[in-house]
Structures are given as structure tokens and as C-alpha cells.
Amino acid sequence: MAVHDDVNGSTEKSNSGMDELLTFNAENMQNNMKVIYYSRTFLSIISGAIAGILGFTGLMGFIFYFLVMAITSVALAAKASFSIHSYFNSWNCIIFDGFLGGLMSFVLFWTFAYDIVHIF
Amino acid sequence: MAEDLVLDTAIRDWVLIPLSVVMVLIGVLRYFVSKLMKGSSQVPDPKIVKEGQVIIRARNLRAGANYIPAKSFRARKAYYSNEENGLLHVPKGQAQNPQAQMFSDPNMAMDMMKKNLSMIIPQTLTFAWVNFFFSGFVAAKIPFPLTQRFRAMLQNGIDLSTVDVSYVSSRSWYFLNLFGLRGLFSLILGEENATDDTQRMMQMSGFGMDPSKTLGAEKDGLDIVQHEWALPKFEQRAEAVLRKLVK
């Protein structure tokens, strides 16, 4: 998770938490979303390679992916010190954003690593 | 049956790895070529820039409406959406036909074509290359089982119905790469590339769009803003925060 935290380190302390009145800086919000996207993509590629090298097949690999993504969500939430609403719109963006986009990369790198290590 | 298939290591060394590397490199090359092409002098029409700026200003007003007193907000709103000479008000009949506008500016069409070509040409070439050299054999195996429906997708170019579906032909490996590498590109080339395609689409439709329509939409948006000055409440907020601090 260290690398991931590095990626996330660029999150700006942006949206001071004003509860009643919605005040936010759109650019900072976008930056936060971008950070989530990057960390997810990065992790999906890395986890794909790991799954392939370890030789996961079938459901095992997908469970691994879900596990990694769940850990990512928790780590992102921890990075935002669990006050999601001062950084993001809702919980949804932390949990689901970039999930399916990462899946494609995951499958590709999983297949690639698996083939190179185990098939031939 | 499926497990019996033995793939030559030469396939890995000469097909699987080179194909993936080439796909990555071509993606990088495409990025720089399209950047080069975009860099060529492009002087935007001052009128369009002006309209865009007006829209941005109106949007800012809408976003920050609650931070100014009602009177100031009303004055600014009148400045933008007044029926006679408001900035967002477009007199009828003056709106340009977007199609005509596009034809009057050959640069725009040229630009669009360049952008399109920089996407299509490399893809076609790579596909032809893969087709020519690597067609007709199994190149990879995906590590999870799939149903028969995926056969057409994954074994493109192999006409054997007895091979297990999880084996992938080289042509389909190319397609897998095409979709799966998008994430990698966004990491190594920055976010510009990730949003590139969609952004292009937006730009394309944006060029063809009637600027008076966006102005009108912004005007409507401004008209329906419910103004509620936030600052009176802020004093109470500040009081609460300070009290908490003092405690």
C-alpha cells in the first residue's frame, strides 16, 4: 500500500468541511477524483501482474481483484481520515469509481503474466 | 482436452511479448504525433473566445451566487440576462448556422480530419500487421473459463470448435490489448491521453454546436437560481466554532 499512499499524497486538503452549506472547489474535487482514478488503475495493473505470477485461475483471480479494490477503498478512506464528505461528493466515488475501468486492465495483465509464467 | 494443448515457447517470445510491446509503443507514438499535429498554429476566432469567456463568467456567478448580497446578485444577473443588451441575450435570427460556419472555415474540417486520421491509421496498420504475421494460431490462454458465446470474440481467426474457449488467438489478443492498455496509457502519458478520445468527441460536437444555444442555456440557468445570501448564517457559524475553541 506504500506506493498507493504516495500516489494519494497529492490529494489536496481542499474542501473545508462545511456541513450545511455546500461549499466546494470544483477543481480540487476533480483533482481528488483523478487521484482515485490513478490509484485504482495503478493497483489494477499491479494486482493483475501479481495474480498472474501467482497463478490464480478462474474465480480466484476475480476474488483477488475485488479484495484489492476493497483494500484500496479502505485505504483511500483512511487517507481522507474517514471524513469523506470534506473531500468527495459521496461514498460512491470512493468505492465504485474506476472499478470497471480497472477490471479491463486487470484482466489484460493477469492474462499476460499468467501466460508468460505458467502456460508456456 | 483443453489442458492437453501445449504452446510453443517461441509463440511467447515472438508473438505474445512483441505484440504487447508494440501496442504500447504505438500508443505512445500516437500520443506524441497527435500532440505534434495539435501544436500547429490555430488561431481561435475572437468571437467564439469572447462567448466562451462570457459563459464562464456567468457560470461563476451562478456558483458563487450565495456569497454576494441579493442586490449585487440582481445587478449582475441583469447585466447578463437582460432582455435588451444582456451579455447572454442573443437576438433572434442572428444565430449562425453551425453547418455553414463549418464550411466557411476549412481549417476546422481539416483539423478534425487530422485528429481522426491519427486515431484510425495506426489502428488499421497494427491490425493489418497482426493479421498478416500472426493469424491462425493460439497465442495465449486467459486464466478463467468462459462460455461458448465468447468464442467469436476470443478466437477470432481460428475456426476450430473443439478448442477450449479460454484459448485466445493472436488477433483477439490484439483486441484485448487495445482495450486493456487504456489504463496503462493514462498512467504513463498523463491524464491528457485518458480523456483524449472522449474530449475529441466533445470538441467535435462543440464546434458544430450553436454558440447561441449555450448562451441561452446559461441564461436560463441564471434565471432560475434561487438566491439566498449565505453570509448572515456564517456569523452564527463562526460563533459556534469560536465557542467550541474557547471551551
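These legends accompany close-up views of a predicted model with chains A and B.

**View 1. Chain B is built from eleven helices and two strands.** Along the sequence, the elements of chain B follow the pattern α-α-α-α-α-β-α-β-α-α-α-α-α. The chain has 247 residues, of which 31% are buried. Contacts in chain B between residues at least 6 apart in sequence are mostly far-reaching: 73% of them join residues at least 24 apart. The accessible surface of chain B is about 16000 Å². Carbon and sulfur atoms hold 63% of that surface.

**View 2. Chain A has five helices and zero strands.** From the N terminus, chain A reads α-α-α-α-α. Of the 120 residues in chain A, 45% are buried. Among the contacts in chain A with a separation of 6 or more, 74% are between residues 24 or more positions apart. Chain A exposes an accessible surface of about 6000 Å². Carbon and sulfur atoms account for 67% of that surface.

**View 3. Confidence varies along chain A, with its lowest helix mean in H1 and its highest in H3.** The average pLDDT of chain A is 77. A score of at least 70 is reached by 80% of the residues in chain A. Helix H1 of chain A, residues 2-8, has a mean of 39. Helix H3 of chain A, residues 59-79, has a mean of 90. Over residues 1-20 of chain A, pLDDT stays under 50. For that stretch the model has 44 contacts beyond four places in sequence.

**View 4. Chain A carries transmembrane annotations from UniProt.** The unreviewed UniProt entry places the feature "transmembrane region" at residues 37-56, 62-82 and 94-114 of chain A. Residues 37-56 of chain A are 90% helix and 0% strand. The end C-alpha atoms of residues 37-56 of chain A are 25 Å apart. Residues 62-82 of chain A are 86% helix and 0% strand. Here the end C-alpha atoms lie 27 Å apart.

**View 5. Chain B also carries transmembrane annotations from UniProt.** The unreviewed UniProt entry gives "transmembrane region" for residues 14-33 and 117-140 of chain B. In the model, residues 14-33 of chain B are 100% helix and 0% strand. The end C-alpha atoms of residues 14-33 of chain B are 27 Å apart. Residues 117-140 of chain B are 75% helix and 12% strand. The end C-alpha atoms of residues 117-140 of chain B are 31 Å apart.

**View 6. Chain B meets chain A through an interface of about 2600 Å² of buried area.** In this interface, 32 residues of chain B are in contact with 30 residues of chain A. Carbon and sulfur atoms make up 75% of the buried area. Pro143(B), Leu187(B) and Arg237(B) supply 23% of the area that chain B buries against chain A. No other three residues supply more. Zero salt bridges are found across the interface of chain B and chain A.

**View 7. Arg59(B), Arg62(B) and Glu218(B) form a network of salt bridges.** Side chains of opposite charge can pair when their charged atoms come close. Arg59(B) and Glu218(B) form a salt bridge, with the closest N and O atoms 3.4 Å apart. Their positions link distant parts of the chain: Arg59(B) is in helix H2 (residues 46-63) of chain B and Glu218(B) in helix H10 (residues 211-223) of chain B, 159 residues apart. Glu218(B) also meets Arg62(B) in a salt bridge, at 3.2 Å from N to O. Arg62(B) lies in helix H2 of chain B and Glu218(B) in helix H10 of chain B, so this pair ties together parts that are 156 residues apart in sequence. Glu218(B) is buried, at 5% relative accessibility. Arg59(B) is partly exposed, at 46%. Arg62(B) is partly exposed, at 33%.

**View 8. Glu239(B) and Arg243(B) pair in a salt bridge.** The closest N and O atoms of Glu239(B) and Arg243(B) are 2.9 Å apart. Both residues belong to helix H11 (residues 231-246) of chain B. They are four residues apart, so about one helical turn separates them. Glu239(B) is partly exposed, at 40% relative accessibility. Arg243(B) is exposed, at 54%. Over all chains, the structure holds four salt bridges.

Technical notes
Residues numbered from 1 in each chain as written. Chains lettered and ligands numbered in written order. Heavy atoms only, no water. Buried < 20%, exposed > 50% of the residue type's maximum accessible area, 1.4 Å probe, protein only. Contact = heavy atoms within 4.5 Å. Areas by Shrake-Rupley, 256 points an atom, 1.4 Å probe, with all protein chains shown as cover. pLDDT = per-residue confidence, 0-100. UniProt positions renumbered as here; feature names shortened; annotations may be inferred. Buried area = accessible area lost by both parts, 1.4 Å probe. Salt bridge = Lys/Arg side-chain N within 4 Å of Asp/Glu carboxyl O.
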